[in-house]
Amino acid sequence: RDARWERARIGSALTLEPADLVTVSYVLNELTAADRAALVDAAAGAARAVVVVEPGTPDGYARMIEARDRLVAAGFQVAAPCPHSASCPIVPGTDWCHFSARVSRSSLHRQIKGGTLAYEDEKFSYVAATRLPVTPAPARVVRKPQIRKGQVLLDLCETDPALNRTTVTKRHGALYRAARDTDWGDPWPPPAQD
């Protein structure tokens, strides 16, 4: 209810009023390296929590990781998607961390993009960081789970920090059933149900 949107010109002179949350979404690509740094630093200086979202491309991921590193250096803890605030275990240039969300398309959107479907799977990279106490997920599913006969393969980013593949089989009972319902981007293991 009390949310307030503010517009400002991004650059070295950017100042932001204190806020609970600052979002930086799909804008870093439009800025020079110096302006990207100034924007992330201004957000870190003003907010208790910062969320940065970029396209789910290798370049978008690189810009998001640059912002993530600046936030961690400014004293923030990573709340999501990473289960840790250490350096990303993905070797630059070999892969990139991204997720997917299904978004509805309006008829105008379909016309502009030349699409026929009423939806689009939008790929994105993101980081949510905070100065508040946080308990990140023990691990995060970083690829679409591979469901095979009697087993589910999960690629996980873990607190070590490390990327590992875990195989969950029928012998795991309830955990196997949970793995079959797990999606790309979900925490692992799933939160306990009451």
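This predicted model holds one cavity of 30 Å³ or more. That cavity, the largest, has a volume of about 110 Å³. The chain around it has 194 residues, 37% of them buried, and it is built from four helices and 10 strands. Here's a quick tour, starting with the inside.

**The cavity**

- The lining of the largest cavity takes in 16 residues, and those closest to its centre are Pro81, Cys82, Cys88, Cys97 and Cys157.
- Helix α2 gives the most to that lining, with four residues.
- By class, the cavity lining comes out at 14 nonpolar and two charged residues, with no polar ones.
- Pro81, one of the residues closest to the cavity centre, sits in the loop between β3 and β4.
- A cis peptide bond joins Pro81 to Ala80, with omega at about -5°.

**Pockets**

- The largest pocket offers about 880 Å³ of space.
- Its lining counts 22 residues, with Arg4, Trp5, Glu6, Val22 and Thr23 nearest the centre.
- Strand β1, residues 19-25, is the top contributor to the lining of the largest pocket, giving seven residues.
- Sorted by class, the lining of the largest pocket has 13 nonpolar, three polar and six charged residues.
- Next comes the second largest pocket, at about 220 Å³.
- Residues lining the second largest pocket include Ser100, Ala101, Arg102, Asp121, Lys144 and Trp184.
- β4 gives the most to the second largest pocket, with three residues.
- The class split for the second largest pocket is four nonpolar, two polar and five charged.

**Helix α2**

- α2 covers residues 58-73, 16 in total, and spans 22 Å from first C-alpha to last, close to the 22 Å expected at 1.5 Å a residue.
- Its buried residues are Gly60, Tyr61, Arg63, Met64, Ile65, Ala67, Arg68 and Leu71, so two arginines are on that list, and a residue makes the list if its relative accessible area is under 20%.
- What do the buried residues of α2 pack against? They meet α1 (33-46), β2 (47-55), β3 (77-80) and β5.
- Just past the end of α2, Gly75 takes a positive phi of about 100°.

**Aromatic pairs**

- Searching the whole structure turns up three aromatic pairs.
- One of them joins Phe99 and Phe124 in a tilted arrangement, with 6.3 Å between centres and 45° between planes.
- Why does this pair tie together parts that are 25 residues apart in sequence? Because Phe99 belongs to strand β4 (residues 99-104), while Phe124 belongs to strand β5 (residues 119-130).
- Phe99 is buried, at 3% relative accessibility, and Phe124 also counts as buried, at 19%.
- The cut-off for buried is under 20%, so Phe124 at 19% makes it into that class.
- Ring pairs also bring in Tyr126, giving a cluster of Phe99, Phe124 and Tyr126.

**Backbone oddities**

- Most residues other than glycine have a negative phi, and most peptide bonds are trans.
- Tyr26 goes against the phi trend, with a positive value near 55°.
- Tyr26 lies in the loop between β1 and α1, and at 35% relative accessibility it counts as partly exposed.
- Besides the bond at Pro81, there's a cis peptide bond joining Trp188 and Pro189, with omega again given as about -5°.
- Pro189 falls in the segment after β10 (187-188).

**Strand β9 and Thr169**

- Thr169 is part of strand β9, residues 162-169.
- Is Thr169 buried or exposed? Its relative accessible area is 13%, so it counts as buried.
- Leaving aside residues up to four places away in sequence, Thr169 touches Gly150, Gln151 and Tyr176.

**The chain overall**

- Along the sequence, the elements run β-α-β-α-β-β-α-β-β-β-β-β-α-β.
- The C-alpha atoms fill a box of roughly 60 × 45 × 40 Å along the principal axes.
- Among contacts with a separation of 6 or more, 61% involve residues 24 or more positions apart.

Terms used. Residues are numbered from 1 along each chain as its sequence is written. This is a predicted model: local features need pLDDT of at least 70, side-chain atom pairs count only at pLDDT 80 or more; totals for chains, interfaces and linings use all residues. Side-chain values use heavy atoms; hydrogens and water are left out. Rings of Phe, Tyr and Trp (its six-membered ring) pair if their centres lie within 6.5 Å; planes under 30 degrees apart count as stacked, over 60 as edge-to-face and the rest as tilted. Buried means under 20% relative accessible area, exposed over 50%, partly exposed in between (1.4 Å probe, protein chains only). Contact means heavy atoms within 4.5 Å. The expected span of a helix is 1.5 Å times one less than its number of residues. On a 1 Å grid over the protein atoms alone, a cavity is a set of points where a 1.4 Å probe fits but cannot get out, and a pocket is an open set with protein on both sides within 12 Å along at least five of seven lines; lining residues have an atom within 4 Å of a point. Grid points are joined across faces, edges and corners, and a volume is the space filled by probe spheres set on the points. Ala, Val, Leu, Ile, Met, Phe, Trp, Tyr, Cys and Pro count as nonpolar, Asp, Glu, Lys and Arg as charged, and the others, Gly among them, as polar.
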